[in-house]
Amino acid sequence: MERRLKHWGWGYEDQAPSATQLREAAEGIRARFGFGGEVEKPVPLEEVELRAVRLKRPSGFGDLFSDEHYERVSHALGKAYRDVVRGFYGRFENPPDLVAFPRDESEIEAVLSWAEAEGAAVIPFGGGTSVVGGVEARVGERPVVSLDLRRLDRVLEVDPASLAARIQAGATGPGLEGQLREHGLTLRHFPQSFEYSTLGGWIATRAGGHFATLETHVDDLVESVRAITPRGTWESRRLPGSGAGPSPDRLLIGSEGILGVIAEAWVRVRPRPEFKSSVSVEFGEFGQATEAIRAIAQSGLYPANCRLLDAGEAELTGAGDGSAHLLILGFESADHPVDTSMDRALEIARDHAGTPAATGRDVAPVDHGRSTDRSVDQWRGAFLLAPYLRDTFVACGVLSETFETAITWNRFEEFQATVMETARRATAEACGVPADGPGSPRVSCRLTHAYPDGAAPYFTVLAPAIRGGEVEQWDEIKAAVSEALIDAGGTITHHHAVGRDHRPWYDRQRPAPFAAALRAAKAELDPAGMLNPGVLIDPA
């Protein structure tokens, strides 16, 4: 039997913790945080009720379309907290009517043509890992087709001279990396959703990835994009750079499926790294740590990893004991040892009162992800495990959410303090608990990416959930923190995209003439307004 993903949460069905493991987790959560309830069970798939299918599955297309119960359920929601908790309770208010699984571009064209004739909306679907409502069919009474690209999963061509590869949009992170490994190459784009998300999804959402400096987003890795629109094929020319007008790729990157269905892309790849070095550095003051990161980001060293965990985040992930703020610093290269770069970065850290870990570090040729620094390995493990833990939090009555943004260095200190305080206050009010003391919300911050002109802070909230009222709690907290982000001059999203959840604040962030131009582009390419309506702009 084919291994299936959970119909409501993160990972595969066979990865769900046992009842004993959940009870132990609940006890540990209560002991550690002072909140959390008894374990509840998710509504099983066979008990999930869906609205009736509003589209008749067309004949003559073989197995291109499916109205099977599991497929409709598993394509109904993304993976935000509000999605996971609704799925847990069996609340799938907006399931697609049909799910399409094209094998090639001609079948993508067939789906678009048939759906347009039927007056249906089409929502492109990669790994379904959106945390901003990007794949949920909140389109009213309009029938919906979810267009799943999982069958388009191949590395089609490799150009070793140019260090580029042509890859289909449905290839997952592990899938494309496995194929590139055969050529001694890697894309080296590792978002937290890497295990299940796809190249097409990364491009459509401007996903942030592995590198904390320099090539921080998938934007920097794209050489050209090919997309299928309702009015023809959109393909840019492969070039290392061009000054020929606005970039056609840049309009597709971040378009979130409203202009066309990304089918494949040429992306810049690199030889697999042979030299790696990772070290953790402790700081007594958060401001000293951020000043060290700013100096490193402006030094031209360009570390692959330069991520700061505040003391609370370090304790939460097990990378520290909560007594110090922790900088995770890493360099890598396929060509040369990186010890000189690491030495200079540590010198900068020491100049800002940082204390590097006493353990050794990897400076010899390696081809694995391990480090001799325990804090580095603890952070890495927690980073990969976090999406799985959210399912456990839901079962144990814990509200968990994150907010990520970016701000320039000159405004960082005040911005970070404002958002932290807003998140703490809003969460306490929504949960009916004190803002400080036993049982109060846990609010922490980490810096995920560092630029010469600013940084990307990422805020984590853990709090007691009100059973049955989690979505309303989430809505209240989300609105308060989002208002703080925008009012203080940050971006509503650094790498999680806009979707439907960020729309109110994205509308305030973007220039009005640009919004008009985007609507015009959509009207030209998608006159029926069928592609992911409600994302980025309102449907006509």
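Here are three short exercises with worked solutions on the structure above.

The model is predicted, so local features need pLDDT of at least 70 and side-chain atom pairs count only at pLDDT 80 or more, while totals for chains, interfaces and linings use all residues. Residues are numbered from 1 along each chain as its sequence is written, and side-chain values use heavy atoms, with hydrogens and water left out.

**Exercise 1. Helix H10**

Work out which residues of H10 are buried, and what they pack against.

Step 1: Find the helix. H10 covers residues 339–351, and its 13 residues reach 18 Å from first C-alpha to last, close to the 18 Å expected at 1.5 Å a residue. Helices (H or I, at least four residues) and strands (E, at least two) are DSSP runs, numbered from the N terminus.

Step 2: List the buried positions. In H10 these are Met342, Ala345, Leu346, Ile348 and Ala349. Seen down the helix axis, they fall within an arc of 155 degrees (taken from the directions from the axis to the C-beta atoms), so they line one face of H10. Buried means under 20% relative accessible area, exposed over 50% and partly exposed in between (1.4 Å probe, protein chains only).

Step 3: Turn to the other side. There, Thr340 and Asp351 are exposed.

Step 4: Name the packing partners. The buried residues of H10 pack against strands E12 (275–283), E14 (325–333) and E15 (355–356), and against helix H8 (286–297).

**Exercise 2. Thr290**

Decide whether Thr290 is buried or exposed, and list its contacts beyond four places in sequence.

Step 1: Place the residue. Thr290 belongs to helix H8.

Step 2: Check accessibility. With a relative accessible area of 7%, Thr290 is buried.

Step 3: Collect the contacts (heavy atoms within 4.5 Å). Neighbours within four places aside, Thr290 touches Leu308, Trp409, Phe412 and Leu447.

**Exercise 3. Salt bridges**

Describe the Glu136 and Asp487 salt bridges, and find which residues form a network.

Step 1: Start with Glu136. Its side chain meets that of Arg138 in a salt bridge (3.0 Å, N to O); the term asks for a side-chain nitrogen of Lys or Arg within 4 Å of a carboxyl oxygen of Asp or Glu. Glu136 is buried at 1%, whereas Arg138 is partly exposed at 29%.

Step 2: Move to Asp487. The closest N and O atoms of Asp487 and Arg508 are 2.8 Å apart. Asp487 lies in helix H13 and Arg508 in helix H14, so the pair ties together parts 21 residues apart in sequence.

Step 3: Join the network. Through shared partners, salt bridges link Asp83, Arg86, Arg91, Glu93, Glu136, Arg138 and Asp501.

Notes
Expected span 1.5 Å × (residues − 1).
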